[in-house]
Amino acid sequence: MSFTKFGLSPAVLEGVKAMGYIEPTPIQLRAMPLIMAGRDVIGSAQTGTGKTAAFALPILSQLGAHAPATRVLVLEPTRELAAQVETAFRDLARFTNVRVAVVYGGVGYGKQMDALKGGADVIVATPGRLLDHLGRGTCQLNQVKFLVLDEADRMLDMGFLPDVRRIVERCPRDRHTSLFSATIPPEIETLIHWAMRQPQTVEIGARRTPAETVKHVIYPVSDDQKSDLLVALLGQVNWESAIVFCRTKHRADRVAALLKKNNHAVAVLHSNRTQREREQALQGFRTGRFEALVATDIAARGLDIADVSHVINYDVPQHPEDYIHRIGRTGRAEASGDAFTLMVAEDAQHVYAIERFISQKIQRVRLEGFNYKYTALFEQEKPGQPKGFPGKARGVRLHGGYYFGPSRRRR
Ligand code: AMP
């Protein structure tokens with residue numbers, strides 16, 4: 001199936017060609033015809049599945065040429081995602097005269113005001129800064145025809161849902177709405193009920209199996225030896241580039257300081273950093289100036305950072321799907337990669353949840369030559385281990401690495 005079958009506009013098809021996309025991804029195959037037909041769509045697809053193009057292509061095709069009013073609004077949870085989605089829109093719309101503006105906090109108003117004043121057909125925004133602009137009267141949403149609520153569950157996690165509601169209220173009722181979310185907790189269900197009209201659900205993309213090219217193992221360790229083990233691991237293993245994931249901003253800063261002290265070139269990515277610092281961190285990591293990037297999930301979510309040789313979970317992810325996201329940063333495009341997870345006793349339940357989610361047991365290993373205080377950690381963990389472990393998750397059918405079926409998980 002090629003892109004020519006969807007009724008996309010010729011200019012948008014040119015954009016697809018220029019991007020080098022040959023075949024649509026599963027989310028594109030299923031969501032694009034619905035959006036082209038004017039249906040509201042709920043997509044459970046995650047980042048990395050091609051979901052941005054799945055909504056951008058049909059929206060751009062229906063948008064036509066530049067007009068004085070804003071007709072597309074895409075809400076994103078983080079500045080990085082907003083910037084990334086803006087770039088995707090610009091790339092795909094490059095053979096049209098449609099204007100795209102991005103609006104997010106942490107930077108000055110000047111450039112954004114200019115972009116809005118110039119007349120933006122498409123605004124990609126984080127909720128807080130968009131509300132500021134609406135308050136100042138620097139943009140209007142009364143002509144919006146297409147509204148996209150992207151990464152809705154992250155917007156919920158970050159406390160943006162009240163802002164999202166206020167923004168949706170400023171859009172005309174007669175509009176098309178798409179919502180993307182890896183999970184549909186009750187709050188999102190309420191939002192769906194309130195903001196969407198007879199939506200069609202497209203459940204794709206919740207990849208539940210790590211790529212075969214990723215070798216992933218767990219290093220059990222006591223809490224007070226965790227940082228020593230990290231340093232020892234990085235000293236012993238042959239690695240080129242690593243993302244180290246931490247639970248909180250504070251922990252990310254601490255781990256980055258530790259690695260710096262051990263002569264590693266490190267950048268940090270979390271939401272307390274200024275926009276400039278975050279851009280420098282990303283850029284420096286992509287170009288190899290930094291060998292390690294220490295990040296929190298929220299900051300790293302959805303970012304197109306791939307091809308790292310190692311992913312290290314300094315902290316076990318709290319949500320099982322984040323495990324797949326995190327380790328998916330390595331082992332891409334035929335290359336092999338390693339993912340290490342440091343596990344302390346308190347992490348046991350989270351680790352079991354991950355193992356149930358991916359339907360496989362993750363191997364426990366010990367680092368040769370490391371002076372472990374407690375070896376009991378390596379004994380078979382029995383207490384609390386779920387019955388029938390690892391247990392097949394109900395209704396899981398895997399097809400071509402994508403998950404089809406009743407994938408919506410509540411947490
Ligand atoms: P996304 O899930 O939207 O963040 O997209 C992930 C990556 O896949 C981006 O780098 C896109 O440019 C790329 N991509 C999207 N659709 C396709 C496609 N049909 N073929 C190849 N790459 C794609």
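A backbone N or O atom of glutamate 23 lies 2.8 Å from a nitrogen atom of the ligand. In this predicted model, the backbone also meets the ligand at two other residues. For glycine 50, a backbone N or O atom is found 2.8 Å from an oxygen atom of the ligand, and a polar backbone atom of lysine 51 is 3.3 Å from a ligand oxygen. On its own, the ligand has 500 Å² of accessible area, of which the protein covers 72%. The surrounding shell holds 13 residues, with Tyr21, Gln28, Gly48, Gly50 and Thr52 as the closest. Sorted by class, this shell is made up of seven polar, three nonpolar and three charged residues.

It helps to place the ligand site within the chain as a whole. The chain has 411 residues, and 54% of them count as buried. Its secondary structure amounts to 15 helices and 16 strands. Contacts across the sequence are well represented: of those between residues at least 6 apart, 75% join residues at least 24 apart. The surface that the chain exposes comes to about 18,300 Å², with 49% supplied by carbon and sulfur atoms.

Among the strands, seven form an open sheet with parallel pairing, in the order 10-11-9-12-13-8-14. Strand 10 (266-269) and strand 14 (363-364) stand at the edges with a single partner strand each, so one side of each has no neighbour in the sheet. As general background, strands of a sheet pair through backbone hydrogen bonds, in either a parallel or an antiparallel manner. Within this sheet, strand 9 (residues 242-246) and strand 12 (residues 310-313) run parallel and are joined by four bridges. Isoleucine 243 is placed opposite valine 311 of strand 12.

A closer look at one loop residue rounds out the picture. Threonine 70 belongs to the loop that runs between helix 3 (51-63) and strand 2 (72-75). Is this loop residue buried or exposed? Threonine 70 counts as buried, because its relative accessibility is 10%, under the 20% cut-off. The side chain of threonine 70 comes to 2.7 Å from the backbone oxygen of alanine 120. Beyond its neighbours within four places in sequence, threonine 70 is in contact with Ala120, Asp121 and Ile123, and also with Gln140, Gln143 and Val144. Alanine 120 thus appears both as a contact of threonine 70 and as the residue whose backbone oxygen the threonine 70 side chain reaches.

Conventions: Residues are numbered from 1 along each chain as its sequence is written. This is a predicted model: local features need pLDDT of at least 70, side-chain atom pairs count only at pLDDT 80 or more; totals for chains, interfaces and linings use all residues. Side-chain values use heavy atoms; hydrogens and water are left out. A residue is near a molecule or strand if one of its heavy atoms lies within 4 Å of it. A polar contact is a pair of N or O atoms within 3.5 Å; within protein, one must be able to donate a hydrogen and the other to accept it, and residues adjacent in sequence count only if both atoms are side-chain atoms. Accessible areas come from the Shrake-Rupley method with a 1.4 Å probe; for residues, only the protein chains shown count as cover. Ala, Val, Leu, Ile, Met, Phe, Trp, Tyr, Cys and Pro count as nonpolar, Asp, Glu, Lys and Arg as charged, and the others, Gly among them, as polar. Helices (H or I, at least four residues) and strands (E, at least two) are DSSP runs, numbered from the N terminus. Buried means under 20% relative accessible area, exposed over 50%, partly exposed in between (1.4 Å probe, protein chains only). Contact means heavy atoms within 4.5 Å. Two strands pair if DSSP finds at least two bridges between them.
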